[in-house]
Structure formats: structure tokens, C-alpha cells
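Q: Got a minute to go through this model with me? I'd like to talk about packing first and then the odd spots.

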Amino acid sequence: MISLVPANLNDLERQAEQAGLTLPIEQTGIWAEYQKTVDGRRPWGAYIIEQDGEAIAFISLIDFETHGYHYLRSVHGPSWVAKPSPELEHQVRQALVDEVRRKDKNIVFLRIDLWDDEGTVPVLSTVPYNETVVIDVTGGDDEIISRMKKRGRRDVRKSLRECTADCSDETELATKDFSQYYELMVETGKRDGFTPAPAQDYTDMLVALGPKHCRLFAARDGGRVTSWSIVTINGTHAVRYYASMHTDAMRSHVTDKLLYNECCILGKQGITEYDLMGIGNDFAPSLKGLNVFKTKFTEDITPVAPGRDVPIKKGFYRALTMLQSVRRSLRHKENSGR
């Protein structure tokens, strides 16, 4: 029998730890506090998911209000003690739907991460992924480089010999003045076809999560920032959340040097796993451009449960889908006419 036990986030983290699980940062109290600082978001509820009285998964949900409606998002949630069977995952998903319908009549849909897609639909927005690269950063600098693919070892060693950039943790500096980092993010967005969030969003993330849970690493050449990344940390797990670079940074191997330095610094601080946050494939074709860079740092590809939408108000959700289709069609016509 599946049951959802309401919990505060301290209890959620403590019971997950007792079950041998370190929660993703998005499932923790510090993340919920950060989300409170973002307009249109608020923590909605957290649950210990039990089967016959034994904890099998954990989930924290954030209420997103956008365009006049509400939906619930749980990044990397449910977080499972062990990968579920499709049948067990379906039972848990239905229990969550029933709980939302009982508790809050305003919610249009759930966006949660699921291994099995039966009874769900592709997300309305954002780019979910079902594979990522996780680098083992244990054992010291030489061990880290030895576990890379041949191409990764070659590029990192070349960067250490030839790249003149200095790489370091610039969290404190970025918290005080983010302007130079944001200029580079804007340049990256123009080159790669995305619109960055407002500069304050990145600063708010650094401040709200604090240096224990969020860092900014940067590479500088001649005093100029040429590449940087924001990294989240929870327990022994780190995630490369954002990254930005000058166009010439790839050719001069600045990005290789920066990422390798991040691995070494994090490993020395007790981190064991460094997640590069998603690669492309047929499920996520728009991310394929990241693969050449990311996959050279490890021999292994790690499967993950991708985000899926679970409609609660099905009629409303169909209307949102139709509206999105119309908007995409109009954008396509505009782009075709240029």
C-alpha cells in the first residue's frame, strides 16, 4: 500500500539520509528557501512516500504561478531509494495526483521526473533530458584525469600546458558584482540561441543558497573573465548548473582547464560526484551540441528520469497545449518570413 506522509523539509532530509539517500539540492530546505525569493514561486508541500510503512521515495513540490495559472514542479523528484518498477511508479504518481486534487483546486498540472511516460505528456516548456554525465572526482587530480576518455585527457593536458588563463573560485566576488559575468552570459545566449535570465536571478541564487551550497568558478586571461560556471552542492554531490564562455574559449581550451580545475577543487573539498547536467540524444535533440564537450570527461553516460507533465485539470491543460502550438506556428511563420 502506497501512502504519502506530509513532512517538513528537515524531516525529509533526515529520513532520506537514514534510508541511505542524499537528496538532490532541489529537494531540500535550502532550495525551498531560495525559491521563496523568486516571484511567482512558493514551497507547496513535501512528502515521505511509503510502501507498507517503509520509506521508498521523497518529494518536495514548488508552486509556480505563471500566466494566471498554477502548476507544481519537483526537480529530480520523486527521489527514490531504489529505481522503481513501472507499476510502483504509476501507483506513486496516482497517489500524488489524488493528494493534489484533495489539497489544492488551483493546480493545473504536476511536473515531476518519471522513468515511465505512460499516462503523462511531454513538458509544455523547458528542455528535459534523460541522460547526463557524472564525473567521479575522488582520488586526487591524477586519478580524475586518468578516468577521462582519451580525448578528454589530451585536451585537459593541452590546456594545462598552453592555456594562460587562471582558474579559481570567485563566489565572493560574483556575489558583490555580477556584471562582468552577466555580460559573458548575454554573449553566450546570442551565440547559442537562448535568452538568459535577468542578472539578479543569478545573484539571488548565489546569495540565497550561500557558499556552502552554491559556488561560482571562473577562468580569467589578462584579468578578463573568459569562462565561468555556477555549481550547486549538496552533501557529496555537485551539479554544474550554469556555464558561460567567450567564443574563443573553446578553441583555446579555457573551458577544459576550468572544468578540470572545478573537479580538482571540489574533490579536495569532499565532493565525490560532479554532474554536468544533461546531454542530448533523440529524447533531447536540442542538447546534442553539448555532447562533444561533456562526454569526453568520463567513459560513462548516466540515465536519469526526465521531467514529464501530469495533467490535473485536463481540459485546461489541453487549452494550454493548443495555445502553445499556435504560438510556435506564429514564431515559425515569422522566422520563415525574415
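What follows is a chat about helix packing, a sheet, some backbone oddities and the cysteines.

Q: Before we start, what kind of model is this?
A: This is a predicted model, where local features need pLDDT of at least 70, side-chain atom pairs count only at pLDDT 80 or more, and totals for chains, interfaces and linings use all residues. Residues are numbered from 1 along each chain as its sequence is written, and side-chain values use heavy atoms, with hydrogens and water left out.

Q: OK, at what angle do H5 and H10 pack?
A: Helix H5 (residues 150-162) and helix H10 (residues 254-268) pack at about 100°, and their axes are 8 Å apart. That makes H5 roughly perpendicular to H10, a label that covers 65 to 115 degrees, with under 35 roughly parallel, over 145 roughly antiparallel and the rest oblique. Axes are lines fitted to C-alpha atoms, for helices over the stretch in contact, and angles run from 0 to 180 degrees between N-to-C directions. Helices (H or I, at least four residues) and strands (E, at least two) are DSSP runs, numbered from the N terminus.

Q: Which residues meet there?
A: From H5 you have Asp-155, Val-156, Ser-159 and Leu-160, and they meet Asp-256, Lys-257 and Tyr-260 of H10. The residues of this contact divide into three nonpolar, one polar and three charged. Here Ala, Val, Leu, Ile, Met, Phe, Trp, Tyr, Cys and Pro count as nonpolar, Asp, Glu, Lys and Arg as charged, and the others, Gly among them, as polar. Contact means heavy atoms within 4.5 Å.

Q: Switching to the sheet: what's the strand order?
A: E8-E13-E12-E11-E10-E9, an open sheet of six strands with mixed pairing. Strand E8 (134-136) and strand E9 (166-169) are the edges, each pairing on one side only. Two strands pair if DSSP finds at least two bridges between them. The twist averages 25° from one strand to the next.

Q: And in what sense do E12 and E13 pair?
A: Strand E12 (residues 237-245) and strand E13 (residues 273-275) pair in the parallel sense, over three bridges. One of the bridge partners in E13 is Glu-273, opposite His-237.

Q: Which strands does H7 lie across?
A: Helix H7 (residues 179-192) lies across strand E10 (214-221), strand E11 (224-234) and E12, at about 75° to E12.

Q: Now the odd spots. Where's the cis peptide bond?
A: Between Gly-77 and Pro-78, with omega about 0°. Pro-78 is in the loop between strand E4 (69-73) and strand E5 (79-80).

Q: What's phi at His-253?
A: Near 65°, which is positive in a residue other than glycine. His-253 is in the loop between helix H9 (247-251) and H10.

Q: Is that one buried or exposed?
A: His-253 is buried, at 13% relative accessible area. Buried means under 20%, exposed over 50% and partly exposed in between, with a 1.4 Å probe and protein chains only. Met-277 also has a positive phi, about 65°, but Met-277 is partly exposed at 25%.

Q: Last thing: how many disulfides?
A: Zero, where a disulfide is a pair of cysteine sulfur atoms within 2.5 Å.

Q: Why no bond for Cys-163?
A: Because the closest cysteine sulfur, in Cys-167, is 6.4 Å away from its own, too far for a bond. For Cys-264 the closest one is in Cys-263, at 6.6 Å, also too far. Cys-163 is buried at 9%, and Cys-264 is buried at 7%.
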